[in-house]
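This report describes a protein chain through the contacts, pairs and buried groups found in its structure. Please keep the sequence and the structure at hand while reading.

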Amino acid sequence: MQCKQHVEFIGYISRIEKKESRNSDADFCTFTITILSGYKAKNGEYVNNKTYINSVAFNGVAKYITDKIADGCGVAIEGEFNTNKYTDKDGNEKSNLQFVAKSIIKLVDGNNNFSEQASKPVRDW
């Protein structure tokens, strides 16, 4: 039995960079998703945590992100994790884990105003 992964996040998007592929016709973008969480410590104070997830999107989702999403926008995003293998400038084989976005919904803009487009997901599948 093959098990397919599926990951969903609600968070804020930042550091959007539009890229052009050197090896294919597919344009893509890289960005960071910030997930906010927290807990109540033993002393009663609330402790905030931020998790930063390096991410990439291709085709229609990448175009939507670069055209319609600004830093600080709240999004619901789904996709999967992928291991990105590459060779660094010194010829060493490296790898890192990145999130590959397959679908995105804009929830709030960078000023925390709810988006009128919140019910229209953009998908690449």
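Two residues are said to be in contact when heavy atoms of the two lie within 4.5 Å. The model discussed here is predicted, and every value quoted below was computed from it.

**Contacts of single residues**

Threonine 34 belongs to strand β2, which covers residues 27–40. Apart from neighbours within four places in sequence, threonine 34 is in contact with Gly11, Tyr12, Ser14, Lys50, Thr51 and Tyr52. Is threonine 34 buried or exposed? Threonine 34 counts as buried, because its relative accessibility is 10% and the limit for a buried residue is under 20%.

Tyrosine 46, a residue of strand β3, offers a second case. Its relative accessible area is 54%, and tyrosine 46 is therefore exposed, since the limit for that class is over 50%. Leaving out neighbours within four places in sequence, tyrosine 46 is in contact with Ser37, Gly38, Tyr39 and Lys40.

Isoleucine 16 is found in strand β1, residues 7–20. With a relative accessibility of 23%, isoleucine 16 is classed as partly exposed. Its contacts, again without neighbours within four places in sequence, are Thr30, Phe31, Ile65, Thr66, Ile69, Ala70 and Asp71. One of these partners, isoleucine 65, is 49 residues away from isoleucine 16 along the chain, yet the C-alpha atoms of the two are separated by 7.8 Å.

**The nonpolar core**

Isoleucine 65 leads to the interior of the model. On the same terms, leaving aside neighbours within four places in sequence, isoleucine 65 is in contact with Ile13, Ile16, Cys29, Phe31, Ala57 and Ile104. How many residues does the largest nonpolar core have? This core has 20 residues, and those with the most contacts inside it are Phe31, Ile65 and Ile77. At least two residues of the core come from each of β1, β2, β3 (46–58), α1, β4 (74–87) and β5 (93–108). In soluble globular proteins, nonpolar side chains tend to be buried together.

**Cysteines**

Cysteine 29 is buried, with a relative accessibility of 0%. Cysteine 73 is buried as well, at 2% relative accessibility. The number of disulfides in the model is zero, where a disulfide would require a pair of cysteine sulfur atoms within 2.5 Å.

**Aromatic pairs**

The whole structure contains four aromatic pairs. Two of them, both involving phenylalanine 9, are set out below.

| Pair | Distance between ring centres | Angle between planes | Arrangement |
|---|---|---|---|
| Phenylalanine 9 and phenylalanine 81 | 6.2 Å | 80° | edge-to-face |
| Phenylalanine 9 and phenylalanine 99 | 5.2 Å | 70° | edge-to-face |

Why are these pairs called edge-to-face? The planes of phenylalanine 9 and phenylalanine 81 stand at 80°, those of phenylalanine 9 and phenylalanine 99 stand at 70°, and an angle over 60 degrees counts as edge-to-face.

Phenylalanine 9 lies in strand β1 and phenylalanine 81 in strand β4, so this pair ties together parts that are 72 residues apart in sequence. Phenylalanine 99 lies in strand β5, so its pair with phenylalanine 9 ties together parts that are 90 residues apart in sequence. Phe9, Phe81 and Phe99 form one aromatic cluster. Within this cluster, phenylalanine 9 and phenylalanine 99 are both buried, phenylalanine 9 having a relative accessibility of 17%. Phenylalanine 81, at 26%, counts as partly exposed.

**Salt bridges**

Which charged side chains meet in the model? The count of salt bridges is two. In one of them, the side chains of lysine 63 and aspartate 67 meet with a distance of 2.6 Å from N to O. Both residues lie in helix α1 (residues 59–68), four residues apart, which is about one turn of the helix. Lysine 63 is exposed, with a relative accessible area of 52%, whereas aspartate 67 is partly exposed, with 45%.

The other salt bridge joins lysine 94 and aspartate 88, whose closest N and O atoms are 4.0 Å apart. Lysine 94 is partly exposed, at a relative accessible area of 40%.

Terms used
Residues are numbered from 1 along each chain as its sequence is written. Side-chain values use heavy atoms; hydrogens and water are left out. Buried means under 20% relative accessible area, exposed over 50%, partly exposed in between (1.4 Å probe, protein chains only). A nonpolar core is a set of buried Ala, Val, Leu, Ile, Met, Phe, Trp, Tyr and Cys residues joined through side-chain atoms within 4.5 Å. Rings of Phe, Tyr and Trp (its six-membered ring) pair if their centres lie within 6.5 Å; planes under 30 degrees apart count as stacked, over 60 as edge-to-face and the rest as tilted.
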